[in-house]
There are 2 protein chains.
Amino acid sequence: MAVNGVGIRDVARLAGVSITTVSHVLNDTPQTRVSAETRARVREAAATLGYGPNRAARALRTNRSGLIGLLSEEIATTPHAGRIILGAQDAARVHDLTLVIVNAERESSGSSHEDDVQTLIDRQVEAILYATMYHRQISVPANLRGVPAVLIDSTDRDGVLPAAVPDEVGGAVAAVAHLVEAGHRRIGFLNNDDDVPATHERLIGFRQVLHRHGIPIDERLILQAPSETLPGYALAREVLARHDRPTALFCYNDRMAMGAYRAAAELGLDIPRDLSIVGFDDQELISANLFPGLTTVALPHYEMGEWAVSTLVRLLSGDTEHRLPRNGPTRLHCPLVTRGSVAAPQEHRKA
Amino acid sequence: MAVNGVGIRDVARLAGVSITTVSHVLNDTPQTRVSAETRARVREAAATLGYGPNRAARALRTNRSGLIGLLSEEIATTPHAGRIILGAQDAARVHDLTLVIVNAERESSGSSHEDDVQTLIDRQVEAILYATMYHRQISVPANLRGVPAVLIDSTDRDGVLPAAVPDEVGGAVAAVAHLVEAGHRRIGFLNNDDDVPATHERLIGFRQVLHRHGIPIDERLILQAPSETLPGYALAREVLARHDRPTALFCYNDRMAMGAYRAAAELGLDIPRDLSIVGFDDQELISANLFPGLTTVALPHYEMGEWAVSTLVRLLSGDTEHRLPRNGPTRLHCPLVTRGSVAAPQEHRKA
DNA sequence: TTGAAAGCGCTAACAT
DNA sequence: ATGTTAGCGCTTTCAA
């Protein structure tokens, strides 16, 4: 019997049928005709008894655990992982799957997360979601090859696993277009200096918008530094000190934007009157708590989690046809989140 | 056979013993004597085959799923839930338990999380960790009574469930003592105005330290407002405008401290030279990114998660003796995290 | 349209 | 010190 004490035989007895019939009805087993009347009776019996199947028995019999594993780096450092969990879980519930989560230390070169994957395999998960902390290219643990798996926020160096990543270019386009539409033509870009996809792709988006609007690109307005608050501050001080300073700053992430806020304050520049700023990531602890609120681009963590589970389910149901891999990772939309840091530039500026 | 294809019979065959013996050896079944030599042979066979037990079969037989559920509010909004997950998971691994996580919407009065608890029960978890977003008193869902359960970051109104909460008083004491030891005697307290335990207990800690050091308490230095950045800013502006302004501010949380930073900046007060600030919560996105870094008090989320699982394990093993409940919740230490926002007060102050 | 029965891999009571 | 065996609750083949 299930944990609550009622088993399929109890339902069968109450409905006056065999356990086989109960199973058929409750599982909607295909190619099984049970009279509508019987079905109703069974359903009612199950309901009155509060019957739920014993998952272990079912798992043993069907050889499907009903578990899927989420392996995520650094669950504890940002809310991002939380959003992935949420998305994954919502999708899992739809398919009556249970999500098991394992935290992984940040990958210390080479030694990828074989052990963590093994933990999940030992737990008999049917499939694994492998999520990284930020968008990058990775070599997946060898033992991940033995299980259905999909990548979240990273791409497989060997390009064999399905993956979902943020549409970095699109996000940058949305951010910069927002600035251009507000009237800005001199826009600085405080970029990251790591060799990661976001660095390159956000720059592409930045250029794309300016180009599309026929705005000449001043390369001196494109700066790079580590994507932290302090470097963001330093870069902003530098670029804002120029006589032909930009009227707006597009920042690689919210932390750099936070640095830019400080620089603006020190320079006596009011945001957004004297300077507009757009960030990236939408880390609410920062973006919503700055003065004024930071207009930024949100990362699709929830959506990636959801997508990953849905994809896994398709994979599990043998959907080898719709092979998502080779045509590259799926890029998910990064929406602009408008708060108060963007306004039209001052008219009386000197070019 | 287990998911990887090798079952207990394979091990038995290779070791040349019965499956019973394999089971005994691998589970260290008490009151079973197996020769050291046989044990070794079995262990080796299991290792070479890479045998792991089929969890479903074991669960079915023992009627223990090996699953424990973590029900957490708002997983996706702060890293706090992540820290709880981490602590719980580390403890779970020690006991060979698998952690299943369910997110819950923030409790919308009355309608507590019965459904979420039910989800976990349906999944046949052996026990439930019930975690709230912030320290408060709650009425637990009725159906939580049917399962071994412990509370994290909240206390049961009816005081029947074991619970772990932060030692708010101790945390406040650490914070304020740090200020006093740096030489401050006029210390303002920007408190929350919600009727939650933290509000009252942090105030108790604040008073305790001043009292202990024989520092008279100026009630006008104790202000209250919603625990957000903006109210923190407003309060700081107000108290810092006074001619006998405090030389240090103890803030209810990091967000209010963030507001105080802004107030200080506008007033031309340098932190920590002209004003020392201590926060609470240690939300790193804020505390580590402010200039200078915010000295604050960390919440014991990891520890609460760990404690909860350990306690649950004791409960499950029938440790009804060590009934933790009635003597109130277990209070876990909140350590001070020193960054750069505290210094000795300026000597040339006018009282 | 319904039911009987086998058996998933394991643990534990009982034999030897 | 080791082995035989029943059976956990369910799904599924096969028969009726």
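This report walks through a predicted model of two protein chains and two DNA strands.

## Reading the model

The model is predicted: local features need pLDDT of at least 70, side-chain atom pairs count only at pLDDT 80 or more, and totals for chains, interfaces and linings use all residues. Residues are numbered from 1 along each chain as its sequence is written, while chains are lettered from A and ligands numbered from 1 in the order in which they are written.

Helices (H or I, at least four residues) and strands (E, at least two) are DSSP runs, numbered from the N terminus.

## Around DNA strand C

A residue is near a strand if its C-beta atom, placed from the backbone, lies within 6 Å of it. DNA strand C has 29 residues around it. The nearest are V17(A), R33(A), G7(B), I8(B) and A57(B). Several helices each give two or more residues to this surface: α2 (19–27) and α4 (55–62) of chain A, and α1 (8–15), α2 (19–27) and α4 (55–62) of chain B. The largest share, five residues, comes from α4(B).

Residues are sorted into three classes: Ala, Val, Leu, Ile, Met, Phe, Trp, Tyr, Cys and Pro count as nonpolar, Asp, Glu, Lys and Arg as charged, and the others, Gly among them, as polar. The surface near DNA strand C has 11 nonpolar, 13 polar and five charged residues.

## Around DNA strand D

DNA strand D is surrounded by 29 residues. G7(A), I8(A), A57(A), T20(B) and R33(B) are the closest. Helices α2 and α4 of chain A, with α2 and α4 of chain B, each supply at least two residues of this surface. By class, the surface near DNA strand D has 11 nonpolar, 14 polar and four charged residues.

## Where the chains meet

Two residues are in contact if their C-beta atoms, placed from the backbone, lie within 7 Å. The contact takes 37 residues from chain A and 38 residues from chain B. On the chain B side, the elements that give two or more residues are α4, α5, β2 (98–104), α10 (254–266) and α11 (284–287). That side divides into 20 nonpolar, 12 polar and six charged residues.

R55(A) lies in helix α4 of chain A. Not counting residues up to four places away in sequence, R55(A) touches G66(A), R123(B) and Q124(B). R55(A) and G66(A) are 11 residues apart in sequence, and their C-alpha atoms are 8.1 Å apart. Burial is judged by counting other C-beta atoms, placed from the backbone, within 10 Å of a residue's own: 20 or more is buried, 12 or fewer is exposed, and in between is partly exposed. R55(A) has 23, so R55(A) is buried.

## Two helices that cross

In chain A, the axes of α2(A) and helix α3 (residues 36–49) come within 10 Å and cross at roughly 90 degrees. Axes are lines fitted to C-alpha atoms, for helices over the stretch in contact, and angles run from 0 to 180 degrees between N-to-C directions. The pair is therefore roughly perpendicular (65 to 115 degrees).

From α2(A), the residues T21(A), V22(A), V25(A) and L26(A) meet T38(A), R39(A), V42(A), R43(A) and A46(A) in α3(A). This contact has five nonpolar, two polar and two charged residues.

T20(A) also lies in α2 of chain A. T20(A) has 13 C-beta neighbours inside 10 Å, so T20(A) counts as partly exposed.

## A buried helix in chain B

Helix α12 of chain B covers residues 301–316. Its 16 residues reach 22 Å from first C-alpha to last, close to the expected 22 Å (1.5 Å times one less than its number of residues). Because 12 of the 16 residues are buried, α12(B) is largely enclosed by the rest of the structure. Among the buried residues are Y302(B), W307(B) and L315(B). The buried residues pack against β1 (67–73), α5 (80–94), β3 (127–138), β4 (149–156), β5 (163–166) and β11 (330–332) of chain B.

## Unusual backbone spots

Two cis peptide bonds are worth finding. One joins I271(B) and P272(B), with omega about 10 degrees. P272(B) is in the loop between α10 and β9 (276–278) of chain B. Another runs from F291(B) to P292(B), with omega near -15 degrees.

Next, positive phi. Q124(A), not a glycine, has phi near 60 degrees, and Q124(A) is buried. D28(B), also not a glycine, has phi of about 50 degrees, but D28(B) is exposed.

Terms used: Angles under 35 degrees count as roughly parallel, over 145 as roughly antiparallel, 65 to 115 as roughly perpendicular and the rest as oblique.
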